[in-house]
Amino acid sequence: MNTDPIADFLTRIRNAQSAGHKVVKIPSSKLKKEITKILFDQGYILSYKFEKEGNREFIKIALKYDKDSQLPVIKKLERISKPGLRKYVGIDNMPKVLNGLGIAILSTSKGVMTDKQARKENVGGEVLCYVY
């Protein structure tokens, strides 16, 4: 049993990129699916697919690399709010990752979204991770 599935999700992506894999397969959940959609919309991954094998669901993520140097597009995936210490922010102290070059993924009352979307929606929430 995994106590922090989001940290496991981020670690699997990080490990696959450092090993140079093209595709990574991760057990699925609703929150992981939403985070995957955000990573795709923001251009951090090439594509994703939700698959079912038997009674289990998986997310297949095609990782994105730079064409010239073959370095991963995602430089850092950092878990912020952990099961032992949750981090919540209001609209007034919303984090800016690398002065707006990166994104913070938040879980809000209006769903999972980036810090920029949360500012537009005028809503705060739990900071799940930073991506840049």
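1. A good place to start in this predicted model is Phe40, which counts as partly exposed, at 35% relative accessibility. The cut-offs explain the label: buried is under 20%, exposed is over 50%, and partly exposed is what lies in between. Keep Phe40 in view, since the next two points build on this residue.

2. Now look at what Phe40 does with its ring. The structure holds two aromatic pairs, and one of them joins Phe40 to Tyr48. Their centres are 5.4 Å apart and their planes meet at 75°, an edge-to-face arrangement. Tyr48 is also partly exposed, with a relative accessible area of 27%.

3. Tyr48 has a further ring partner, Phe50: here the centres are 5.3 Å apart and the planes stand at 50°, so this pair is tilted. The label follows because planes under 30 degrees apart count as stacked, over 60 as edge-to-face and the rest as tilted. Phe50 is partly exposed, at a relative accessible area of 32%. Taken together, Phe40, Tyr48 and Phe50 are linked by ring pairs into a cluster.

4. While you are at Phe50, please look for Lys33 as well. The charged end of Lys33 sits over the ring of Phe50, 5.1 Å from the ring centre. A similar item to look up is Lys25, whose charged end sits over the ring of Phe58 at 4.6 Å from its centre.

5. Next comes helix α2, residues 30–41. What span should its twelve residues have at 1.5 Å a residue? The expected value is 16 Å, and the end C-alpha atoms are 17 Å apart, which agrees. Just after α2, Gly43 takes a positive phi of about 85°.

6. The helix also has two sides worth colouring in your viewer. Which residues of α2 are buried? They are Lys32, Ile35, Thr36, Ile38 and Leu39. Viewed down the helix axis, the buried residues of α2 fall within an arc of 160°, so they line one face of the helix. Lys30 and Asp41, on the other side of α2, are exposed.

7. Then there is the sheet. Three strands make up an open sheet with the order β1-β3-β2 and antiparallel pairing. Its edge strands are β1 (23–27) and β2 (45–53), each of which pairs on one side only. On average, neighbouring strands of this sheet are turned by 25° against each other, direction ignored.

8. It is worth following one strand pair within the sheet. β2 pairs with β3 (residues 56–63) in the antiparallel sense, over eight bridges. If you would like a single position to check, Lys49 stands opposite Lys60 in β3.

9. Last, two asparagines deserve a glance at their backbone angles. Most residues other than glycine have a negative phi. Asn99 has a positive phi of about 55° although it is not a glycine, and lies in the loop between β5 (88–89) and β6 (103–108). Is Asn99 buried or exposed? With a relative accessible area of 73%, Asn99 is exposed.

10. The other asparagine is Asn122, where phi is near 60°, a positive value in a residue other than glycine. Asn122 sits in the loop between α3 (115–121) and β8 (125–131). At 57% relative accessibility, Asn122 counts as exposed, because the cut-off for that label is over 50%.

Note on methods:
Residues numbered from 1 in each chain as written. Predicted model: local features only at pLDDT ≥ 70, side-chain atom pairs only at ≥ 80, totals over all residues. Heavy atoms only, no water. Phe/Tyr/Trp six-rings, centres within 6.5 Å; stacked < 30°, edge-to-face > 60°. Buried < 20%, exposed > 50% of the residue type's maximum accessible area, 1.4 Å probe, protein only. Lys NZ or Arg CZ within 6 Å of the ring centre and 35° of its normal. Helix = DSSP H or I, 4+ residues; strand = E, 2+ residues; numbered from the N terminus. Expected span 1.5 Å × (residues − 1). Arc of directions from axis to C-beta. Pairing = 2+ DSSP bridges. Axes fitted to C-alpha atoms, helices over the stretch in contact; angles between N-to-C directions.
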